[in-house]
Amino acid sequence: MYDVCYVVKDTAENEELRYSLRSLQNLPNVRNVWIFGGKPDFLVEKYHKRSFDQDGTKWENSAKIFWEIINDEDITEDFYLMMDDVFIMQPIKEFVNYSKTSME
């Protein structure tokens, strides 16, 4: 089982995230879904992990969020990293896990 972690911009509306969350039904072995960054109005608390002041550049903000994700002990060792504009359009039967060591 894997957790899904989203990096989300700070905005009250985020239709892309709404549709991306719906598309997770096509992803196997999802344990929990965590949202890092902004919290759109439609989002239920159980999904939201942590808000951040997003006062830096988008790269600085993302780096801060990535750091939080990899150091959060509630999140599975292996996890799916998603952005709000990623949609899984077909069921995935098997997910290949890539890492630096697996690419050597």
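**View 1. The order of helices and strands along the chain.** Read from the N terminus, the elements of the protein chain go β-α-β-β-α-β. That makes 2 helices and 4 strands. This is a predicted model. The protein chain has 104 residues, and 34% of them count as buried. The close-ups that follow stop at loops, at two surface patches and at the segment after S4.

**View 2. Asn 14, in the loop leading from S1 to H1.** Strand S1 covers residues 2-8 and helix H1 covers 15-23, with Asn 14 in the loop between them. Is Asn 14 buried or exposed? Its relative accessibility is just 1%, so Asn 14 counts as buried. Follow the side chain of Asn 14 and you get to the backbone nitrogen of Leu 17, at 2.9 Å.

**View 3. Thr 76 and its two backbone partners.** Here we're in the loop between H2 and strand S4 (79-83), which is where Thr 76 sits. Thr 76 has a relative accessible area of 15%, and because buried means under 20%, Thr 76 belongs to the buried group. Which backbone atoms does the side chain of Thr 76 meet? One is the backbone nitrogen of Asp 3, reached at 3.0 Å. Another is the backbone oxygen of Asp 78, which is 2.6 Å from a polar atom of the Thr 76 side chain.

**View 4. A negative patch on the surface.** Four residues make up this patch: Asp 10, Asp 53, Asp 55 and Glu 60. Let's pick out Asp 53, which is found in the loop that runs between strand S3 (48-50) and helix H2 (58-71). How does Asp 53 count, buried or exposed? With a relative accessible area of 62%, Asp 53 is exposed, because the exposed label applies over 50%.

**View 5. A nonpolar patch on the surface.** Now for a patch of another kind, nonpolar, built from Tyr 19, Phe 87 and Met 89. Together these residues have about 360 Å² of accessible area. Where along the chain is Met 89? Look in the segment after S4. Met 89 has a relative accessibility of 68%, so Met 89 counts as exposed.

How values were computed. Residues numbered from 1 in each chain as written. Predicted model: local features only at pLDDT ≥ 70, side-chain atom pairs only at ≥ 80, totals over all residues. Heavy atoms only, no water. Patch = residues over 30% accessible without salt bridge, like charges linked within 9 Å, V, L, I, M, F, W, Y side chains within 5 Å. Areas by Shrake-Rupley, 256 points an atom, 1.4 Å probe, with all protein chains shown as cover. Salt bridge = Lys/Arg side-chain N within 4 Å of Asp/Glu carboxyl O. Lys, Arg positive; Asp, Glu negative; His and termini not counted. Charge placed at Lys NZ, Arg CZ, Asp CG, Glu CD. Buried < 20%, exposed > 50% of the residue type's maximum accessible area, 1.4 Å probe, protein only. Polar contact = N/O pair within 3.5 Å; in protein donor to acceptor, adjacent residues only side chain to side chain.
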